[in-house]
Structure formats: C-alpha cells, structure tokens
Amino acid sequence: MAAGVLYTYPENFRAYKALIAAQYSAADVKVSPNFVFGETNKSQEFLKKFPAGKVPAYESADGKVLLTESNAIAYYVSNEALRGSDLKSQAAVYQWASWADSELLPASCAWVFPYLGIMQFNKQNVERAKSDLLAALKVLDDHLLTRTFLVTERVSLADIVVFCTLIHSFQHVLEPSLREPLVNVQRWFATLSQQPQVLAVVGPVSLCAAAPVYDPKKYQELTKDKKQEGGKKEKKEKKEQPKKEKEVKEPEPLDELDEKPKESKDPFDAMPKGTFNMDDFKRCYSNEDEAKSIPYFWEKFDPEHYSIWFAEYKYPEELAKVFMSCNLITGMFQRLDKMRKQAFASVCLFGTDNDSTISGVWVWRGQDLVFPLSPDWQIDYESYSWTKLDPKAPETERLVRDYFSWSGKDSEGRAFNQGKIFK
C-alpha cells in the first residue's frame, strides 16, 4: 500500500484524482499542512525534489518516489481494481485519462476560467470552447448508454480522472438546459459524486443552477493565469530596457526614452536608510519560530524611518472559493516583486468558501503609502483600505503578533484559514 505526502493547494481538482484514488485503495496519502502555493513550490528544498515546481507533487514516505503529474500520482496510489486487472482494462483506463486531458480539460478551462476571472473573456473563444466540450460530452454520453462506469462494472481510475476534470464545468457553466440532453453523463456524474470515497475528498458538489454571467471585475481582481503573468513580466522587461541603454550610454538614444528611466528607479532609494535591516529580519523570520522572530522585529524596528500598515480587502462579498482568494493574494505579491527589498508583509485569509476576508500587516521603508510612487506598484493597492498603525500602540503589537504568527480571528470573528508572506 502506497504511503506519502501530497503537496497541493486547497480544492485543486488535479489533486482530487490522487486523493479519491487513495480513498478507494486505502493508501496512506496525507496533504502537506504547511504548503503555501507560490512559496513552498519555489523554495530550494522543493525544487531539489521537484525541479519543475509543479503541483500536485507526491513524495513517498521513504523519499524514494517523487512524482508531479496528477494522473501519474493517482495511478501510483491506486490499487489493481482501479488500474485494471488485465492489459485490456489498463489500456482503456489510460485511454480515458488521455482523452480527458486532450479533449475535456482544454475546453473546460477555456469555457470556465473567463467566468471565474482567471482568463480574459473573449466571446468567440468561449463559444468555441463551449461547443468543443459539449461535443466531447456527447461522445461520453453515447459511451455510457449501456454502461454504469467507463471501463468495468465498478469505479476505475478512468472514472475518477474524467470526473475530476469535469467538476468545474458542472459547477460553473453546465446549466440545466445544457445538462438535460446528456442523460447518461448526468446519471454517471451523480453516481460518482455520491460515492463515499468521493464525498470524503470533494464534499457535496453543487451543480450550476443558471447560465453563467460574465463579470469584468473578476478578471481585474483575480490572479491572471501563467501566460498572462508571463506577458506582464515581458512588458516590465521591455520597460526596463531604456534604462539599461542609458546606463551603458549606447549611441543615438531616442528622446522619448530619455524621459522614462525615472519610472523604473526604486523609490526607496530616495528615502533615508535608518537602522532597521530588513534582510536581517527576514532571515530571522524565515529561520526562527515566532517566539524569537517577533521580539526580534520589535527590538530592531526603526519607527523613524519605517512604518507599519494594516490592509483590508474592500470587497469581501465578492470572494468565493478559498483557492481563488489565495490566488488573488499571490497575484498581488507577484506584481509587487520590485518592492520586496524594502518591504515585508503577512497577508491572511480568514473564513471559508463564500464567507471570507483578506487582510494583512505590511512594513516598509518610509512613512507614507508607497504604492503611488511607482506605476509598477499601483495595480492592486486600491482594492484595499490602508491604515497606518502606531508602533507604540498595544493594538499594533497585537496585530503584528497575530498576523506574523498566523493566528487569531478577523474583525467579524472568522477563524484564520491560511496566510502568505511577502518577503
């Protein structure tokens, strides 16, 4: 029986495959409790084991098995009944898993993600994805006409992989009129969703009740997908090129470029350095527990040249799934990358799905709100309310303690769920 640790963020449909398979096979698979997406999977320790930095990632209890692809992990933790007891059924399981990745997943993501704000909405692309997914589901419906499950007379890994790939579509875009013709798919999906092993991992699945409505605010507020983040990075690099040209004094500089280098300068450079060494504190925070790092912060903090701020997300009513809210935080951190040298923050999510808030404690050089000082820093900050804290106030000491140690509750009594550190 397989035993090991699964590294993933909450509600990752890809991780569901392995977790459900483990329920059926009685494999001892535990989710890493301290995993923070965007931080843990970028650490040297993680990358040494999993160079691609992808999740979900699996490490066996003895450390001899290291896997990253979700289908491979699910296969490894499965038993013979799930994998197929003969070559024919094993090949069929592999066929359906490949089909799910090539036919269902691209169409589902292209249809669902724009409505979740993860991708930019393009009507033509969404309609094409919708058509592609419904065509694939018709194939699935025909196959299930005379079958309860995809390969054998019982649940196999094929059913688990296809079910997990379709969860977002059933939750967000497959409204009743679209599901109605897919009688066999509906019956199969309902059967899978009610299996005790599935419920133990996913919980009750709420089906889409009405046609989705596009909200442009979501795209602006939620983290863009990797391609969009790559596009932002490329734009920033292009913006920095004029500065580079000016520094090396290449011939014939363009007049319009001479006016732009000021934008790419670090605003912190114009501020007095003070006595607080941000790098030293970050090393202490990373290597020591809070019982040492928080007193160290107050011992070294320089209130004359540094300030402490409390930030609170203005639109908690728009926060839905926890994993999406966490992506919102990660996206902001990524876009503020040039602030890291002279800033530190602990941003926490309190509550659960559809009832959560985001708030955090920030520390940076200077006494004023720094985001307006650079165009690169202005994308997200207006979505938060910012309050400068008095370093001498007992309330500030409590907030620093709670947020730096990821404890306590928010102002409405919601319990801490998870946090992210900007350093």
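A residue is called buried under 20% relative accessible area, exposed over 50%, and partly exposed in between. The exercises below apply to a predicted model.

**Exercise 1. Determine which residues of helix α16 are buried and how they are placed around its axis.**

Solution.
Step 1. Helix α16 comprises residues 290-300, and its buried residues are S293, I294 and F297.
Step 2. Viewed down the axis of α16, these buried residues fall within an arc of 95 degrees, so they line one face of the helix.
Step 3. The other side of α16 carries A291, K292 and E299, which are exposed.
Step 4. The cover over the buried residues of α16 includes two helices, α15 (278-287) and α18 (394-404), and two strands, β5 (306-313) and β7 (355-365).

**Exercise 2. Establish the strand order of the open sheet of 4 strands, and identify its edges.**

Solution.
Step 1. The order is β2-β1-β3-β4, and the pairing is mixed.
Step 2. β2 (28-31) and β4 (66-67) each have a single partner strand, so one side of each is left without a neighbour in the sheet.
Step 3. The mixed character can be followed from β1. Strand β1 (residues 3-7) runs antiparallel to β3 (residues 57-60), joined by 4 bridges, whereas β1 and β2 run parallel, also joined by 4 bridges.
Step 4. Individual residues place these pairings. L6 has Y58 as its bridge partner in β3 and stands opposite V31 in β2. G4 stands opposite S60 in β3.
Step 5. Two helices complete the picture. Helix α1 (residues 13-25) forms a right-handed β-α-β unit with β1 and β2. Helix α3 (residues 70-77) lies across β1, β2, β3 and β4, at about 35 degrees to β3.

**Exercise 3. Describe the open sheet of 5 strands and the helices that lie across its strands.**

Solution.
Step 1. The strand order is β8-β5-β7-β6-β9, with antiparallel pairing.
Step 2. β8 and β9 (416-422) are the edge strands, each pairing on one side only.
Step 3. On average, and ignoring direction, neighbouring strands of this sheet are turned by 20 degrees against each other.
Step 4. The pairing of β5 with β8 is antiparallel and spans 6 bridges; A311 stands opposite W386 in β8.
Step 5. Helix α17 (residues 322-335) lies across β5, β6 (343-352), β7, β8 and β9, and runs at about 15 degrees to β9. Helix α18 lies across β5, β6, β7 and β8, and runs at about 110 degrees to β7.

**Exercise 4. Classify the aromatic pairs W298 with F301 and W364 with W386, and state the burial of their residues.**

Solution.
Step 1. The whole structure contains 46 aromatic pairs.
Step 2. In the pair of W298 and F301, the ring centres are 6.2 Å apart and the planes stand at 75 degrees, an edge-to-face arrangement.
Step 3. W298 has 25% relative accessibility and therefore counts as partly exposed. F301, with a relative accessible area of 9%, is buried.
Step 4. The rings of W364 and W386 have their centres 5.9 Å apart and their planes at 55 degrees, so this pair is tilted.
Step 5. The pair links distant parts of the chain, since W364 belongs to strand β7 and W386 to strand β8 (residues 384-389), 22 residues apart. Both W364 and W386 are buried.
Step 6. W364 and W386 also belong to a cluster linked by ring pairs, whose members include W309, Y313, W362 and F422.

Notes:
Residues numbered from 1 in each chain as written. Predicted model: local features only at pLDDT ≥ 70, side-chain atom pairs only at ≥ 80, totals over all residues. Heavy atoms only, no water. Pairing = 2+ DSSP bridges. Contact = heavy atoms within 4.5 Å. Axes fitted to C-alpha atoms, helices over the stretch in contact; angles between N-to-C directions. Right-handed = clockwise from strand over helix to strand, strands pointing away. Buried < 20%, exposed > 50% of the residue type's maximum accessible area, 1.4 Å probe, protein only. Arc of directions from axis to C-beta. Phe/Tyr/Trp six-rings, centres within 6.5 Å; stacked < 30°, edge-to-face > 60°.
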